[in-house]
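Me: I would like a close look at a single part of this model, with enough of its surroundings to place it. Please keep the account plain.

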Amino acid sequence: TEIYTLSLHDALPIFFSVDLGGGNFRYGSTFFTGQTTDLQAPIINNPFSPESKYASLGVGITYQQTRRLSYSLFGSGFLVRYNYPNAIGTTGVSGGAAVNYRLTSRDTVSVSYSHGFYNYQRNAGQAQIDNYTVSLTHGFKNHWVGSIYAGAARSNSSGTALLPVDFLVGNETIGGYVLGHFSQTVYIPSFGGTVSHSFR
């Protein structure tokens, strides 16, 4: 939810915004949009935790150089925690910049780049994501706004994870952990769109 927006347009063509969010996912969640290049191993919700808690904070600033051209800087941070013992949560920060150009009174095109860093608890590893995006926004009548975007991301993750497992020995179940090393770099295309409506 956007909780604060300040415009200094009368003095300076600068706009600030702050976004704060938090919540609780039932039945667990990875918090990220599920994307994979392996069709045999799709990403699913966290199977060990019945719920996931998260919090996020984002800030942004836009400088309006001319009536058509503006520049934006943005950054955010978040954390995700699970409610089962020895869980591996995630803490992440990201930041980026965008150039926006108004083609007409209703159409704006934007080119953006962002970099994110994510750290996993218990020294399980880390991930870095570079994202490049081009978007087009159109303002319709009656306060409706639509946008589409397309781009690509480079994701690199590495580390060591302890995964909780149960071993069945005869009729007895013994709890333990499996040590797993991982290191992977993938390139992921991305696309999507949004539709929003403003009330008076």
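Leaving aside neighbours within four places in sequence, which residues is glycine 60 in contact with?

Reply: Apart from its neighbours within four places in sequence, glycine 60 is in contact with Phe15, Phe16, Ser17, Leu73 and Phe74. The model is predicted, and what follows should be read in that light.

Glycine 60 itself lies in strand E3, which covers residues 51-64. Its relative accessible area is 18%, and because buried means under 20%, glycine 60 counts as buried. One of its contacts, leucine 73, is 13 residues away along the chain, yet the two C-alpha atoms are separated by 5.7 Å. Glycine 75 gives a second distance: it stands 15 residues from glycine 60 in sequence and 6.4 Å from it in space, C-alpha to C-alpha.

Glycine 75 belongs to strand E4. With neighbours up to four places away set aside, glycine 75 is in contact with Leu57, Gly58, Val59, Ser94 and Gly95. Strand E4 runs over residues 69-82 and gives the most to the largest nonpolar core, with 3 residues. That core has 7 residues, namely Phe78, Val80, Tyr82, Tyr84, Ala87, Tyr118 and Ala127. In soluble globular proteins, nonpolar side chains tend to be buried together. One member of the core, alanine 87, touches Tyr82, Gln121 and Arg122 when residues up to four places away are not counted.

Just before strand E3 begins, another pairing can be followed. Arginine 26, in strand E2 (residues 14-26), touches Pro50 and Glu51, not counting residues up to four places away in sequence. Arginine 26 and proline 50 are 24 residues apart in sequence, and their C-alpha atoms are 5.9 Å apart. Unlike the buried glycine 60, arginine 26 counts as exposed, at 56% relative accessibility.

Some caution applies to part of the chain. Over residues 31-39 pLDDT stays under 50, and the model has 14 contacts beyond four places in sequence for that stretch. Where pLDDT is low, the predicted coordinates should not be read in detail. For the protein chain as a whole, pLDDT averages 82, and 80% of the residues score at least 70.

The wider chain gives the setting. The protein chain has 9 strands and 0 helices, so the order of elements from the N terminus is β-β-β-β-β-β-β-β-β. Of its 200 residues, 22% are buried. Among contacts between residues at least 6 apart in sequence, 50% join residues at least 24 apart. About 13700 Å² of the protein chain is exposed, and carbon and sulfur atoms supply 60% of that area.

Further along the sequence, serine 135 offers another buried position. Serine 135 sits in strand E7 (residues 125-139) and has 19% relative accessibility, which is why it counts as buried. Leaving out residues up to four places away, serine 135 touches Thr108, Val109, Ser110, Ile148 and Tyr149.

Ile148 also takes part in a nonpolar patch on the surface, together with Tyr101, Leu103 and Leu136. The four have about 360 Å² of accessible area together. Leucine 103 is in the loop between strand E5 (90-102) and strand E6 (107-120). With a relative accessible area of 42%, leucine 103 is partly exposed.

Two loop residues complete the picture. Most residues other than glycine have a negative phi. Asparagine 123 has a positive phi of about 55°, although it is not a glycine. Asparagine 123 is placed in the loop between E6 and E7 and is exposed, with a relative accessible area of 75%. Asparagine 142 also has a positive phi, near 60°. Asparagine 142 is found in the loop between E7 and strand E8 (144-169), and at 62% relative accessibility it counts as exposed.

To return to the part you asked about: glycine 60 is a buried residue of strand E3, and its contacts beyond four places in sequence include Phe15 and Phe74.

Notes
Residues numbered from 1 in each chain as written. Heavy atoms only, no water. Core = buried A, V, L, I, M, F, W, Y, C linked by side-chain atoms within 4.5 Å. Buried < 20%, exposed > 50% of the residue type's maximum accessible area, 1.4 Å probe, protein only. Helix = DSSP H or I, 4+ residues; strand = E, 2+ residues; numbered from the N terminus. Contact = heavy atoms within 4.5 Å. Areas by Shrake-Rupley, 256 points an atom, 1.4 Å probe, with all protein chains shown as cover. Patch = residues over 30% accessible without salt bridge, like charges linked within 9 Å, V, L, I, M, F, W, Y side chains within 5 Å. Salt bridge = Lys/Arg side-chain N within 4 Å of Asp/Glu carboxyl O. pLDDT = per-residue confidence, 0-100.
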